[in-house]
Amino acid sequence: MNKFKAFLKSNVMLGILILLIIIFGIGSKNFLTAKNLLNICTQNAYFIIASIAVGMIMISGGTDLSTGNCMAVVSICMAIFYERLGMAWPIAMILAMLVGVLLGLINGISSDLLKIHPMIVTLATMTMFNGIAFTLSESKSFFDFAPEFVAIGQGYLGPISYPIIFAVVIALVMHFILEMTCFGRFIYAVGGNPEAARLAGINVRRVKVVVFMIAGFIYAIAGLLLTSRGGSCNANTGVSTTFDAITACVLGGISFIGGEGKVKGVVIGCLILGVLSNGMQLIGMGIYVQFIIKGLILMLSIGYDTYSKQAKVKKAAA
């Protein structure tokens with residue numbers, strides 16, 4: 001019985017995802033089609049990728065509010081390298097990804113030097129990166145990308161789009177890093193109890209900085225994938241991703257306190273939000289109603305996370 005309860009508790013979000021699919025399948029005849037379900041996965045592939053990076057930061061005990069703005073800066077840099085500087089698109093893409101690593105390094109080092117919570121630091125860098133994106137782009141949009149680059153976001157391998165393949169590969173790689181490597185165990189240790197991790201010989205500062213750098217690299221992939229799929233970018237590309245990614249992570253069981261969570265949960269959280277958006281559109285709900293519902297979901301998720309932590313503390317003290 002205890003094992004069954006533990007199974008239900010660990011898979012409650014998967015159950016909610018299945019329930020939502022059934023509800024919207026009943027509500028709209030166009031929802032439960034292979035084309036629409038694959039479309040949901042394709043549209044949310046970049047979002048899943050970015051959310052996995054946010055989840056890793058949250059597991060390490062931090063929070064990143066600059067996610068979407070990092071994606072925007074990377075996309076603008078890709079456009080500048082390719083269109084204005086005349087670089088070959090693969091070189092421009094690689095350099096843009098290195099820009100993402102640099103932005104992550106800025107977040108990590110700033111948080112370490114200022115000795116304050118990453119949420120506050122990334123609130124500041126969010127504004128900085130936003131200004132950088134608008135300055136570099138001169139508030140203009142870019143459209144003239146190489147067909148080969150655009151094909152990355154719009155191409156298919158059989159019935160499966162390239163963005164889905166990218167999302168699956170990155171999810172598997174990050175699952176391996178977090179679950180199967182020493183560095184992954186360091187991330188959980190630092191997020192769970194940084195002082196105990198330090199006493200155990202883990203370089204807490206280095207782990208947190210490297211986590212932000214890896215996240216910056218993953219944000220870059222997400223931003224470039226979004227740009228490639230749309231065939232254009234501007235200073236607002238991906239900006240709305242930030243709070244949706246945090247919502248998906250909390251939905252997927254990533255704790256705000258740190259030290260807990262799985263890549264699988266983040267993916268499920270993203271799919272829940274993707275199914276909600278798609279399903280609500282198909283049954284005729286307005287975009288503003290969707291904002292309200294997403295806000296309520298985030299608030300309830302945070303409340304549940306806080307309640308769970310308090311219950312664990314009481315149980316341990318009993």
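**Contacts, a pocket and a few odd residues**

Not counting residues up to four places away in sequence, W89 touches M78, Y82, A146, E148, F149 and I152. The model behind this picture is a predicted one. W89 lies in helix α6, and one of its partners, M78, sits 11 residues away in sequence, with 8.2 Å between the two C-alpha atoms. Despite these contacts, W89 still counts as partly exposed, at 22% relative accessibility; the cut-off for buried is under 20%.

Helix α6, which spans residues 89-114, also holds N107. Here the picture is one of burial: N107 has a relative accessible area of just 1% and is buried. Its contacts, leaving aside neighbours within four places in sequence, are D64, S66, C70, V121, T122, T125, F129 and F212.

Next come two loop residues with unusual backbone angles. Most residues other than glycine have a negative phi. K115, although not a glycine, has a positive phi of about 60 degrees. K115 belongs to the loop between α6 and α7, the latter covering 118-137, and it is exposed, at 60% relative accessibility. S139 is another case: it is not a glycine either, yet its phi is positive, at about 60 degrees. S139 is found in the loop between α7 and α8 (147-154). With a relative accessible area of 57%, S139 is exposed too.

Turning to the open space in the model, the second largest pocket holds about 590 Å³. Its lining is made up of 23 residues, and those closest to the centre are Y46, S240, D244, S277 and K294. Two or more lining residues come from each of α3 (34-43), α4 (45-59), α13 (241-251), α14 (263-282) and α15 (287-317). Of these, α15 gives the largest share, with six residues. As for chemistry, the lining of this pocket splits into 12 polar, nine nonpolar and two charged residues.

One of the helices that line the pocket, α3, is worth a look for its packing. The buried residues of α3 are N36, I40 and T42. Viewed down the helix axis, the buried residues of α3 fall within an arc of 165 degrees, so they line one face of the helix. That set of buried residues packs against α4, β2 (160-161), α9 (162-180), α12 (204-230) and α14. Two of these partners, α4 and α14, also appear among the elements that give two or more residues to the lining of the second largest pocket.

Finally, the cysteines. A disulfide is a covalent bond between the sulfur atoms of two cysteines. The count for this model comes to zero disulfides, with the cut-off set at sulfur atoms within 2.5 Å. What keeps C41 from pairing up? The closest cysteine sulfur to that of C41 belongs to C270 and is 11 Å away, which is too far for a bond. C41 itself is partly exposed, at 28% relative accessibility. C182 falls in the partly exposed class as well, with a relative accessible area of 46%.

Definitions and conventions: Residues are numbered from 1 along each chain as its sequence is written. This is a predicted model: local features need pLDDT of at least 70, side-chain atom pairs count only at pLDDT 80 or more; totals for chains, interfaces and linings use all residues. Side-chain values use heavy atoms; hydrogens and water are left out. On a 1 Å grid over the protein atoms alone, a cavity is a set of points where a 1.4 Å probe fits but cannot get out, and a pocket is an open set with protein on both sides within 12 Å along at least five of seven lines; lining residues have an atom within 4 Å of a point. Grid points are joined across faces, edges and corners, and a volume is the space filled by probe spheres set on the points. Helices (H or I, at least four residues) and strands (E, at least two) are DSSP runs, numbered from the N terminus. Ala, Val, Leu, Ile, Met, Phe, Trp, Tyr, Cys and Pro count as nonpolar, Asp, Glu, Lys and Arg as charged, and the others, Gly among them, as polar. Buried means under 20% relative accessible area, exposed over 50%, partly exposed in between (1.4 Å probe, protein chains only). The arc is that of the directions from the helix axis to the C-beta atoms. Contact means heavy atoms within 4.5 Å.
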